[in-house]
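Let's take a walk through this protein together. Have a look at the picture first, and then we'll go from the whole fold down to a few single residues.

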Amino acid sequence: MRTILTTISALAATIAIALPALAQERLTVYTYESFTADWGPGPIVEKAFEAQCGCELEFIAVADGVALLNRIRLEGEASEADIVLGLDTNLTAEAKATGLFAPHGITVDTAVPGGWSDDTFLPFDWGYFAVVYDTEAIETPPASLAELVEGGAEPKIVIQDPRSSTPGLGLLLWVKAVYGDEAGAAWEKLSERVLTVTPGWSEAYGLFTNGEAPMVLSYTTSPAYHMIAEDTGRYRAASFEEGHYLQVEVAGMTRKGVDNPLARQFLEFMMTPAFQDAIPETNWMFPAGETSKPLNPAFESLVEPSRTLSFSPEEVARNRKAWVDEWLAVMSR
């Protein structure tokens, strides 16, 4: 009996020692819904990373990028996330201020315009916001943001909510960058043209491609999807003379993730061709790191902004609430 008890005790001790190691074999990544969709990069990324790490990668998705910050802030220290993937540089200062993220300690070369020096977040893709239009419905698209804003109630456009969506926030900042203190008046005029405001990008783009509106807020890269996947040039991005607002999407490791070796491994993996190859033709953005082959020639035919517009993360953090309230005061009427 003593021998049996000793054996059981030894086995229990072995299991107890093994449990922490087993717990590290799962990586939990919070991201947005279009990333994890069947047609998004998520399935490719999951397969490639699991083959490399011999672990389980679990994606937990919310509607869009701003909703990611809202969720991580709400959950606080109780969050299950090891990695948060899908914030953008307009949110990084606020994300750091939560105290829930840790420095990554990784040195990388990136293809992001202007370079990269953030010690907490790493970029995984980038692009420019744009108004995408249906050439079968619109012969002459707006040539400027001013023309979009001040051109009357038709044709209609679908936009996203800046309280939940990074494209919606991008348009908010784009209008603010061009109109400054007159942004409220600009939203008053633009509201006449807005068909509806959706929580995220996927809903808005679906309404657009279903013919509910001939214009949608999206990206200069969106037409590449239609050219490559559908072999059509029907959908195009309008080039605006004031320039286009830049978006850089990022991922960061949480303080919880610091204790999981897979978190840092994933961030390093994210900057390699195994991850970056999936970005151009599933997330339909420009890759932030090295790819194993050149991009499809369709990407060379896209709108190239004459000017890059952006605010610093700190400036967005200081003003986002006031600027959203300004937008809401108009759009909720």
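Helices (H or I, at least four residues) and strands (E, at least two) are DSSP runs, numbered from the N terminus. With that in hand, here is where the picture comes from. You're looking at a predicted model, where local features need pLDDT of at least 70 and side-chain atom pairs count only at pLDDT 80 or more, while totals for chains, interfaces and linings use all residues. Residues are numbered from 1 along each chain as its sequence is written, and side-chain values use heavy atoms, with hydrogens and water left out.

Now for the overall build. The protein has 14 helices and 12 strands. Its radius of gyration (taken over C-alpha atoms) is 22 Å, close to the 20 Å that the globule rule gives for 333 residues, so the protein is as compact as a globular protein of that length. That rule is 2.2 Å times the number of residues to the power 0.38. Along the principal axes, the C-alpha atoms fill a box of roughly 90 × 40 × 35 Å.

How much of the protein is tucked away? Buried means under 20% relative accessible area, exposed over 50%, and partly exposed in between (1.4 Å probe, protein chains only). By that yardstick, 51% of the 333 residues count as buried. Contacts (heavy atoms within 4.5 Å) tell us about the chain's path: among those between residues at least 6 apart in sequence, 77% join residues at least 24 apart.

Helix H11, residues 261–270, is a nice place to zoom in. Leu262, Ala263, Phe266, Leu267, Phe269 and Met270 are buried there. These residues cover an arc of only 160° around the axis (judged by the directions from the helix axis to the C-beta atoms), which puts them on the same side of H11.

Next come the loops. Between helix H6 (145–150) and strand E6 (157–160) you'll find proline 155, joined to glutamate 154 by a cis peptide bond with omega at about -5°.

Two other loops hold residues with a positive phi. Aspartate 231 sits between helix H10 (222–229) and strand E9 (235–237), and its phi is near 55°, though it is a residue other than glycine. Aspartate 231 counts as exposed, at 69% relative accessibility.

Tryptophan 284 lies in the loop between helix H13 (279–283) and strand E11 (286–287). Its phi is positive too, about 55°, and it is not a glycine. Is tryptophan 284 buried or exposed? With a relative accessible area of 12%, tryptophan 284 is buried.
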